[in-house]
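Here is a short briefing to read alongside the model. Have the sequence and the structure open, and let us walk through them topic by topic.

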Amino acid sequence: MFYDERIEYEKGNIMRGCIMLSVLIAAILGSLRVLGVILYINEFTFASPYEYFFTVMLEICTVISGTLCLAVGSLYKKKKK
């Protein structure tokens with residue numbers, strides 16, 4: 001196997017696009033789920049809000065980790081020889 005910078009560049013672009021897509025989907029689904037939880041809790045006032053917000057943690061972790069990956073990747077620059 002050989003190392004080609006063009007392949008690595010394209011692989012990086014594909015991975016960056018996948019991370020952006022997963023962050024976008026997680027943000028949309030998380031906000032819809034939070035909206036649904038708020039409407040559900042308002043309808044049934046005896047429910048505890050903390051029980052329902054645990055389901056949103058996966059989306060929150062995906063958004064935070066994806067944003068951190070994109071930020072670190074954009075700040076990281078290879079030194080040219």
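Let us begin inside helix 1, where Val 37 lies; helices here are DSSP runs of H or I with at least four residues, strands are runs of E with at least two, and both are numbered from the N terminus. Val 37 has a relative accessibility of 8% and counts as buried, a class that means under 20% relative accessible area, while exposed means over 50% and partly exposed falls in between (1.4 Å probe, protein chains only). This is a predicted model, in which local features need pLDDT of at least 70 and side-chain atom pairs count only at pLDDT 80 or more, whereas totals for chains, interfaces and linings use all residues. Residues are numbered from 1 along each chain as its sequence is written, and side-chain values use heavy atoms, with hydrogens and water left out.

**Overall build**

- The protein has three helices and zero strands, and its pattern along the sequence reads α-α-α.
- Of the 81 residues in the protein, 12% are buried.
- Taking contacts (heavy atoms within 4.5 Å) with a separation of 6 or more, 61% are between residues 24 or more positions apart.
- About 7,300 Å² of the protein is exposed, and carbon and sulfur atoms supply 71% of that area; accessible areas come from the Shrake-Rupley method with a 1.4 Å probe, and for residues only the protein chains shown count as cover.

**From helix 1 to residues further along the chain**

- Val 37 and Val 56 are 19 residues apart in sequence, and their C-alpha atoms are 9.5 Å apart in space.
- Ala 27 also lies in helix 1, and its relative accessibility of 35% makes this residue partly exposed.
- From the C-alpha of Ala 27 to that of Ile 60 the separation is 7.6 Å, with their positions 33 residues apart along the chain.
- Ser 31 is another residue found in helix 1, partly exposed at 44% relative accessibility.
- Ser 31 can be paired with Ile 60 as well: they are 29 residues apart along the chain, and their C-alpha atoms are separated by 9.7 Å.

**Start of the chain and its charged pairs**

- How many salt bridges does the structure hold? There are two, a salt bridge being a side-chain nitrogen of Lys or Arg within 4 Å of a carboxyl oxygen of Asp or Glu.
- One of them joins Asp 4 to Arg 6, with the closest N and O atoms 3.1 Å apart.
- Asp 4 sits in the segment before helix 1 (5-43), while Arg 6 is found in helix 1.
- Is Asp 4 buried or exposed? Asp 4 is buried, because its relative accessible area is 17%.
- Its partner Arg 6 counts as exposed, because its relative accessibility is 64%.
- The side chains of Asp 4 and Arg 6 also make a polar contact at 3.1 Å; a polar contact is a pair of N or O atoms within 3.5 Å, where within protein one must be able to donate a hydrogen and the other to accept it, and residues adjacent in sequence count only if both atoms are side-chain atoms.
- A salt bridge also links the side chains of Glu 8 and Lys 11, at 3.6 Å from N to O.
- Glu 8 and Lys 11 both belong to helix 1 and are three residues apart, about one turn of the helix.
- Glu 8 is partly exposed at 34% relative accessibility, and Lys 11 is partly exposed at 46%.

**A nonpolar patch**

- Leu 21, Leu 24, Ile 25, Ile 28, Leu 29, Leu 32, Leu 35 and Leu 39 make a nonpolar surface patch of about 760 Å².
- Patches are made of residues with over 30% relative accessible area and no salt bridge, joining like charges within 9 Å and nonpolar side chains (Val, Leu, Ile, Met, Phe, Trp, Tyr) within 5 Å.
- Leu 29, one of the patch residues, is found in helix 1 and counts as partly exposed at 43% relative accessibility.

**Cysteines**

- A search of the whole structure finds zero disulfides, defined as pairs of cysteine sulfur atoms within 2.5 Å.
- Cys 18 counts as partly exposed at 44% relative accessibility.
- Cys 69 is partly exposed too, with a relative accessible area of 46%.
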